[in-house]
Amino acid sequence: RKILAPTDFSDLSAVGVRYACRLAKDVGAHVLILNVVLLDESNKVDKQELARHNLGLEDFVAKKIGDASTQVKIRKLVDAGHPYGTIREWANNERVDLIVMSSHGRSGLSRMLIGSVTDKVLRGATCPVLVVPLEK
């Protein structure tokens, strides 16, 4: 049993990752925490940028996930690409059972202008996607 929990290191994504960790503990699953480095216009990524993201992921888990991460088996992953496509690829390649993501709940014009990685993953994923709302 695998749960994929993407993060962009934001407080919002931390809500989803913490939820994924609690759920994994309850059902005996393990969590893949994925951070996606955006490709530049040449479709390449700098090795130093990957190293920074790996350090950032370690820091994110230590500071924003805390105890929730110590109670389950976690794999921390950094990959380069377009977030929604890379999330779907990891989900397919790892045969995850569930993707857990946070949502800020924007709608209307705000959502159209900004776009939503969560919405794109929802529409294209081949496994269930659990969307955790922002805690108010």
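Visitor: Which helix does Thr118 lie in?
Guide: Thr118 sits in helix H6, which covers residues 117-124. Keep in mind that we're looking at a predicted model.

Visitor: Why is Thr118 called buried?
Guide: Its relative accessibility is 10%, and buried means under 20%, so Thr118 counts as buried. Setting aside neighbours within four places in sequence, Thr118 is in contact with Met101, Ser102 and Val131.

Visitor: Staying in helix H6, what makes Arg123 and Asp119 a salt bridge?
Guide: Their side chains meet with N to O at 2.9 Å, and the cut-off is within 4 Å, so the pair qualifies.

Visitor: How far apart are Arg123 and Asp119 along helix H6?
Guide: They are 4 residues apart, so about one helical turn separates them.

Visitor: Buried or exposed: how do you know which word fits Arg123, and which fits Asp119?
Guide: Arg123 comes out at 64% relative accessibility; exposed means over 50%, so Arg123 is exposed. Asp119 has 19%, and the limit for buried is under 20%, so Asp119 is buried.

Visitor: What makes Lys76 and Glu58 a salt bridge?
Guide: Their closest N and O atoms are 3.0 Å apart, and that is within 4 Å, so the rule is met. This pair links distant parts of the chain: Lys76 belongs to strand E3 (residues 74-81) and Glu58 to helix H2 (residues 47-65), 18 residues apart.

Visitor: Why are Lys76 and Glu58 called partly exposed?
Guide: Lys76 has a relative accessible area of 34% and Glu58 has 42%. Partly exposed is the range between the 20% and 50% limits, so the term fits Lys76 and Glu58.

Visitor: Which residues are linked with Arg75 in a network of salt bridges?
Guide: Lys2 and Glu94 are linked with Arg75 in that network. The Arg75 and Glu94 side chains meet at 3.0 Å, N to O. Arg75 is in strand E3, while Glu94 is in the loop between helix H4 (83-93) and strand E4 (98-103), 19 residues away.

Visitor: Why is Glu94 called buried?
Guide: Glu94 has 17% relative accessibility, and buried means under 20%, so Glu94 counts as buried. Arg75, at 31%, is partly exposed.

Visitor: Where is confidence lowest in the protein chain?
Guide: That's helix H5 (residues 108-114), with a mean of 49, whereas strand E1 (residues 2-7) is highest at 96. Where pLDDT is low, the predicted coordinates shouldn't be read in detail. The chain as a whole has a mean pLDDT of 87.

Conventions
Residues numbered from 1 in each chain as written. Predicted model: local features only at pLDDT ≥ 70, side-chain atom pairs only at ≥ 80, totals over all residues. Heavy atoms only, no water. Helix = DSSP H or I, 4+ residues; strand = E, 2+ residues; numbered from the N terminus. Buried < 20%, exposed > 50% of the residue type's maximum accessible area, 1.4 Å probe, protein only. Contact = heavy atoms within 4.5 Å. pLDDT = per-residue confidence, 0-100.
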